[in-house]
Amino acid sequence: MAGSTVDEPKGRHQSKKAAASGWIGSALEYYDFFIYATASALIFPQIFFPQGDPTVAIVASLATYGVGYIARPIGAFVLGHWGDTHGRKNVLLLCMFLMGFSTVAVGLLPTYEQAGILAPALLVLLRLIQGFAVAGEISGASSMILEHAPFGRRGFFASFTLQGVQAGQILAAAVFLPLAHYMAADDFNAWGWRIPFILSFIVIIAGYIIRREVDETPAFTEEGAQHAVPRSPIVDAIKYNWKDMLRVICMALMNVIPVVAAIFGAAYAVQPGYGVGFSKDVYLWIPVLGNILAVLVIPFVGNLADRIGRRPPIIVGALASGLLSFGYLYAIADKNVVLAIVMSLLMWGVVYQGYNAVFPSFYPELFPTRTRVTAMAISQNIGTTITALLPALFATVAPPGSTHVPLTVGAITLAVTIIAAVAAMSARETYRVHMHELGKVDAVPVDRGEYNRLRDEALAAAKLAKA
């Protein structure tokens, strides 16, 4: 019977502890990832590249940001395999150590003036390690939280993975804000920018303490007890789930929205070549405020996805945020700080979260337990890799001195979000499917009435636990 609880794994479910671990771990790791993103737009063009042509320096710096994403599919193959063969907890610890050490190393690099071409070469190498490491974070954390969560509340609990990512972005910008505002420009360019990177050593210590406290998931443990661990999760995932992997690749193109908001938007607003003239510390508040709102919105959207399904929020979020990208870029072009903040709050802080809060449950629900981390990691990272090349493309097709920058970049952004929306429309709904049935094309969803009853039981149990 589709509504039977026999399809849910038995064992100790640490829903809250897993969600807290995923939140904090993702926040710390993505703090590392986004301080690089912020620095690549604000400071790296001036210190790691030749200063003859500002367009070349901007494109080259944004390209190093994209290089990190090139390493992500490779990391996804390796770390996804590790997560499906050695467990979700083990892969998350490995990701954390790789990310922490490579980020600290960026803060110790010599500049172009000090070391010549060796400086950008080392920068690229460390960015590759960062990209490799982060490839297993969201898929591993989402799978761990999903597999610990009670039936009927998977969307809510899994959304904390991305709430942590947004919090990491806030932390990354918040560290740069006082430095950019209070330090003299020469001091900031000479050594102040290094502080956020060196502080990443805290990631290694805090992340280890937090993640060692969470048990392996009941679904993974039960799967290993009942079936042999897959010899090659990659082969199985591609053989049996390639259609859903293709859908995830297309939906993951939604990463174009944070790329436009935080990466290209930053370069467009502050780089002298574009002539807009936003001060660095003022511009940094735009994504910070958008992310603060996103942190508040995400759990509500995750809960909504448990009530109405995964596809509707993703489709609406994709199309609406693509349209709002025009307004955001026009606000920057118009040098209207207030309007730029409002558009960021709408585009990134609210509408985009229809996708962002839901994919941590939707993606892993499309795949079976034995290949879940691998299938999600590979397909999601291929999609985000494609969008990470867009900042350099945007700077190439809409370079400093060109006209109609908002129209050109906005049109590309909208086209990409339409592709993501169509992919979501073509996917099957998963929110009423039991854990052991996930990944099966012919899985029978639980009757809506029975689903609501089981979900109400989970909510009542949560309230009782608080009392």
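Helices (H or I, at least four residues) are DSSP runs, numbered from the N terminus. The structure is a predicted model, where local features need pLDDT of at least 70 and side-chain atom pairs count only at pLDDT 80 or more, while totals for chains, interfaces and linings use all residues. Residues are numbered from 1 along each chain as its sequence is written, and side-chain values use heavy atoms, with hydrogens and water left out.

**View 1. Lys 335 and His 404, two loop residues with positive phi.** Start with Lys 335, in the loop that links helix H16 (311-333) and helix H17 (337-351). Its phi is positive, about 60 degrees, although Lys 335 is not a glycine. Now look for His 404, in the loop between helix H21 (390-397) and helix H22 (405-426). His 404 also has a positive phi of about 60 degrees without being a glycine. His 404 counts as exposed because its relative accessibility is 54% (buried means under 20% relative accessible area, exposed over 50%, partly exposed in between, with a 1.4 Å probe and protein chains only).

**View 2. Leu 293 in helix H15 (residues 280-308).** With 26% relative accessibility, Leu 293 counts as partly exposed. Leaving aside residues up to four places away in sequence, Leu 293 touches Leu 345, Gly 349 and Val 350 (contact means heavy atoms within 4.5 Å). Try finding Gln 166 too: Leu 293 and Gln 166 are 127 residues apart in sequence, and their C-alpha atoms are 9.5 Å apart in space.

**View 3. Tyr 328 in the largest nonpolar core.** A nonpolar core is a set of buried Ala, Val, Leu, Ile, Met, Phe, Trp, Tyr and Cys residues joined through side-chain atoms within 4.5 Å. This one has 108 residues, and Phe 44, Met 251 and Tyr 328 touch the most other members. Helix H14 (residues 256-270) gives the largest share of this core, 12 residues. Not counting residues up to four places away in sequence, the contacts of Tyr 328 include Val 260, Tyr 283, Ile 286 and Met 347.

**View 4. Helix H20 (residues 372-388), largely enclosed.** Of the 17 residues of H20, 15 are buried, so the rest of the structure largely encloses this helix. At 1.5 Å a residue, H20 should span 24 Å, and its end C-alpha atoms are 24 Å apart, which agrees (the expected span is 1.5 Å times one less than the number of residues).

Methods: Helices (H or I, at least four residues) and strands (E, at least two) are DSSP runs, numbered from the N terminus.
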